[in-house]
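Reader: I'm in my first year and I'd like a close look at one part of this structure: the salt bridges and the protein surface they lead to. Please take it slowly and keep it informal.

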Protein chains: 2
Amino acid sequence: MARLPLYLRALTALSERSVPTVSSEELAGAAGVNSAKLRKDFSYLGSYGTRGVGYDVEYLVYQISRELGLTQDWPVVIVGIGNLGAALANYGGFASRGFRVAALIDADPGMTGRPVAGIAVQYIDELETIIEDNGVSIGVIATPAGAAQQVCDRLVEAGVTSILNFAPTVLSVPEGVDVRKVDLSIELQILAFHEQRKAGEASPPAAPASIPSGPGAPAGAVVRGRDDAEVRAEARAGRDGDPGDDLPAVMPA
Amino acid sequence: MARLPLYLRALTALSERSVPTVSSEELAGAAGVNSAKLRKDFSYLGSYGTRGVGYDVEYLVYQISRELGLTQDWPVVIVGIGNLGAALANYGGFASRGFRVAALIDADPGMTGRPVAGIAVQYIDELETIIEDNGVSIGVIATPAGAAQQVCDRLVEAGVTSILNFAPTVLSVPEGVDVRKVDLSIELQILAFHEQRKAGEASPPAAPASIPSGPGAPAGAVVRGRDDAEVRAEARAGRDGDPGDDLPAVMPA
DNA sequence: ATGTCTTTGTGAACGCGTGCACAAAGATAC
DNA sequence: GTATCTTTGTGCACGCGTTCACAAAGACAT
């Protein structure tokens with residue numbers, strides 16, 4: 001149930017405004033979901049609302065917090081204190097809600113000892129010790145892509161069973177270890193995809209003079225500089241051309 | 001098809017190693033998906049592989065790039081240059097792959113003119129002008145939660161039709177505008193949820209002496225400090241108690 | 001106490017994405 | 001030219017999540 005945190009946030013807001021009860025309809029609106037879905041979620045959870053009235057806000061907040069395991073606090077380590085790692089360390093969302101940054105770890109010796117968000121960065125050799133001493137079971141990877149799998153392996157080996165991965169790599173982990181991925185470029189690419197579709201459907205008059213696009217090709221494709229067949233033929237021709245700079249808009253990593 | 005970026009990344013890696021072709025099986029392995037799924041995805045895309053051989057790497061890279069709209073470059077603006085916004089501006093994943101940071105915008109006048117990642121931060125009054133002058137259609141919101149909806153409205157009004165939201169809020173947007181959300185606390189909470197379930201199932205002997213948990217309650221619930229009925233009763237009693245400090249592990253925002 | 005009204009909880013249908021399994025297609029060797 | 005072998009493309013069935021719609025349940029007014 002990935003929606004529980006959403007409900008919790010909406011409920012907390014209501015709680016602060018001292019609203020005693022909410023109907024499934026209201027809460028669903030605030031969380032941006034269907035009301036029937038919300039009711040079903042709560043019924044799976046075992047929570048009981050009151051028919052004719054709604055759900056008791058405080059009670060639900062407590063129930064969901066408990067279900068999510070937020071009544072205990074979870075020590076987390078952040079590995080890779082670059083731009084992103086530092087931002088994460090400073091991010092308030094970590095500190096609150098039962099999550100405590102137990103340590104910041106970096107592979108650059110120059111970082112060691114430097115305080116980030118009030119916590120001294122530790123060298124990566126200490127990783128295993130830190131995990132074990134603090135009973136850390138959640139690790140955050142904010143390293144470059146190349147180091148991610150390696151760090152992941154060490155975390156898992158040391159006892160971490162949940163990983164939040166910000167590096168643009170697919171991590172392979174043993175059974176029983178959970179990985180969640182946050183990938184900025186992928187999100188952007190998905191947006192670009194939809195954006196292109198919108199542009200293609202909306203403004204056929206905006207099509208610039210170019211190579212005639214084949215039938216079935218989306219209208220957004222007119223921006224491309226080369227014909228499909230051309231590229232395909234070249235690619236098939238034994239790859240004599242220099243691979244890498246013949247596809248301009250494609251990134252290096 | 002949210003998997004295309006994943007494929008693209010794997011394919012690009014292969015391309016750099018000058019691998020001419022891949023089978024669906026290999027590529028699926030690298031992307032961490034089922035091979036049948038991958039083949040079906042590609043067939044929807046209209047791409048043709050060669051039976052008995054596999055897919056041509058270069059051709060696929062080009063096709064997917066085109067499908068995702070990566071053959072043109074997309075100017076994006078980042079609004080809210082705090083820790084996270086600055087990290088995003090510095091993040092390499094933006095600059096490459098057809099995305100160009102057109103502007104950094106912040107509501108703090110003290111930030112105006114300060115260079116972040118080589119780009120001078122602009123004051124939020126310029127938002128509309130920037131969007132229109134640069135033809136920006138993708139906006140990134142990295143503001144505090146309170147300002148997010150407001151910024152969102154201005155972005156949309158100015159012509160942005162795709163938004164990547166890092167603020168912990170549900171944004172409401174008109175039809176036709178795409179929003180993707182990246183929420184760190186939610187990711188962590190989901191991990192904690194699974195973590196708790198694992199702990200509950202795995203180590204029943206580890207249950208500390210506590211209030212007897214009711215039947216059907218997950219074992220992880222033993223960590224809680226108060227009984228269900230107790231909280232429920234109190235919550236129902238007209239909310240005489242101080243709301244907010246009686247639920248220890250629950251966060252303020 | 002009774003009736004009405006609101007809102008929950010859930011049975012059932014729908015749709016979609018996933019994965020299996022196999023036939024068609026092309027390459028490669030002989 | 002024929003046979004074999006690899007790998008794609010896809011028909012089909014399964015399972016899950018979503019949504020509709022309605023009956024049961026409780027509150028509230030009379």
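Author: Let's start with the term itself: a salt bridge is a side-chain nitrogen of Lys or Arg within 4 Å of a carboxyl oxygen of Asp or Glu. The idea behind it is simple, because side chains of opposite charge can pair when their charged atoms come close. Keep in mind that what you're looking at is a predicted model.

Lys198(A) and Glu195(A) give us a nice pair to begin with, since their side chains meet in a salt bridge with N and O 3.5 Å apart. Both sit in helix 9 (residues 184-202) of chain A, and they are three residues apart, so about one helical turn separates them. How accessible are the two partners? Glu195(A) is buried at 6% relative accessibility, while Lys198(A) is partly exposed, with a relative accessible area of 21%. The cut-off for buried is under 20%, which explains why 21% puts Lys198(A) in the partly exposed group.

Now hop to chain B, where the side chains of Asp41(B) and Arg3(B) form a salt bridge at 2.8 Å, N to O. This one ties together distant parts of the chain: Asp41(B) belongs to helix 3, Arg3(B) to the segment before helix 1 (4-16), and their positions lie 38 residues apart in sequence. Asp41(B) is buried, at 5% relative accessible area, whereas Arg3(B) comes out as partly exposed at 26%. Salt bridges can also share partners, and Asp178(A), Glu195(B) and Lys198(B) are joined into one network that way.

Which chains does the pair of Asp183(B) and Arg9(A) join? Asp183(B) makes a salt bridge with Arg9(A), and their closest N and O atoms are 2.6 Å apart. Asp183(B) is in the loop between strand 9 (178-181) and helix 9 (184-202) of chain B, and Arg9(A) is in helix 1 (residues 4-16) of chain A, so this pair joins two chains. Here both partners are buried: Asp183(B) has 4% relative accessibility, and Arg9(A) has 13%. Over all chains, the salt bridges add up to 14.

Remember Arg3(B) from the pair with Asp41(B)? A polar side-chain atom of Arg3(B) also lies 3.2 Å from a phosphate oxygen of DNA strand C. That brings us to the DNA. DNA strand C has 22 residues around it, with Ser24(A), Tyr55(A), Lys37(B), Lys40(B) and Arg51(B) the closest. Ser24(A) uses its backbone, with an N or O atom 2.5 Å from a phosphate oxygen of DNA strand C. Arg39(A) goes for a base instead, with a polar side-chain atom 2.8 Å from a base nitrogen of that strand. Of the atoms of DNA strand C within 4 Å of the protein, 60% are from sugar or phosphate, and the rest are from bases. Helix 3 of chain B, where Asp41(B) sits, provides the largest share of the surface near DNA strand C, four residues. By class, that surface has five nonpolar, nine polar and eight charged residues.

What about DNA strand D? It has 24 residues around it, and those that come nearest are Lys37(A), Arg51(A), Ser24(B), Gly49(B) and Tyr55(B). On this side, helix 3 of chain A gives the most to the surface, with four residues. Arg3(A) places a polar side-chain atom 3.0 Å from a phosphate oxygen of DNA strand D. Arg39(A) turns up again, with a polar side-chain atom 3.3 Å from a base nitrogen of DNA strand D. Gly52(B) takes part through a polar backbone atom, 3.0 Å from a sugar or linking oxygen of the strand. The atoms of DNA strand D within 4 Å of the protein are 62% sugar or phosphate, with bases making up the rest. Its surface divides into six nonpolar, 10 polar and eight charged residues.

One last word on confidence. Chain A has a mean pLDDT of 83, and 79% of its residues reach 70 or more. Over residues 205-253 of chain A, though, pLDDT stays under 50. Where pLDDT is low, the predicted coordinates should not be read in detail.

Conventions: Residues are numbered from 1 along each chain as its sequence is written. Chains are lettered from A and ligands numbered from 1 in the order in which they are written. This is a predicted model: local features need pLDDT of at least 70, side-chain atom pairs count only at pLDDT 80 or more; totals for chains, interfaces and linings use all residues. Side-chain values use heavy atoms; hydrogens and water are left out. A residue is near a molecule or strand if one of its heavy atoms lies within 4 Å of it. A polar contact is a pair of N or O atoms within 3.5 Å; within protein, one must be able to donate a hydrogen and the other to accept it, and residues adjacent in sequence count only if both atoms are side-chain atoms. Ala, Val, Leu, Ile, Met, Phe, Trp, Tyr, Cys and Pro count as nonpolar, Asp, Glu, Lys and Arg as charged, and the others, Gly among them, as polar. Buried means under 20% relative accessible area, exposed over 50%, partly exposed in between (1.4 Å probe, protein chains only). pLDDT is the predictor's confidence in each residue, from 0 to 100. Contact means heavy atoms within 4.5 Å.
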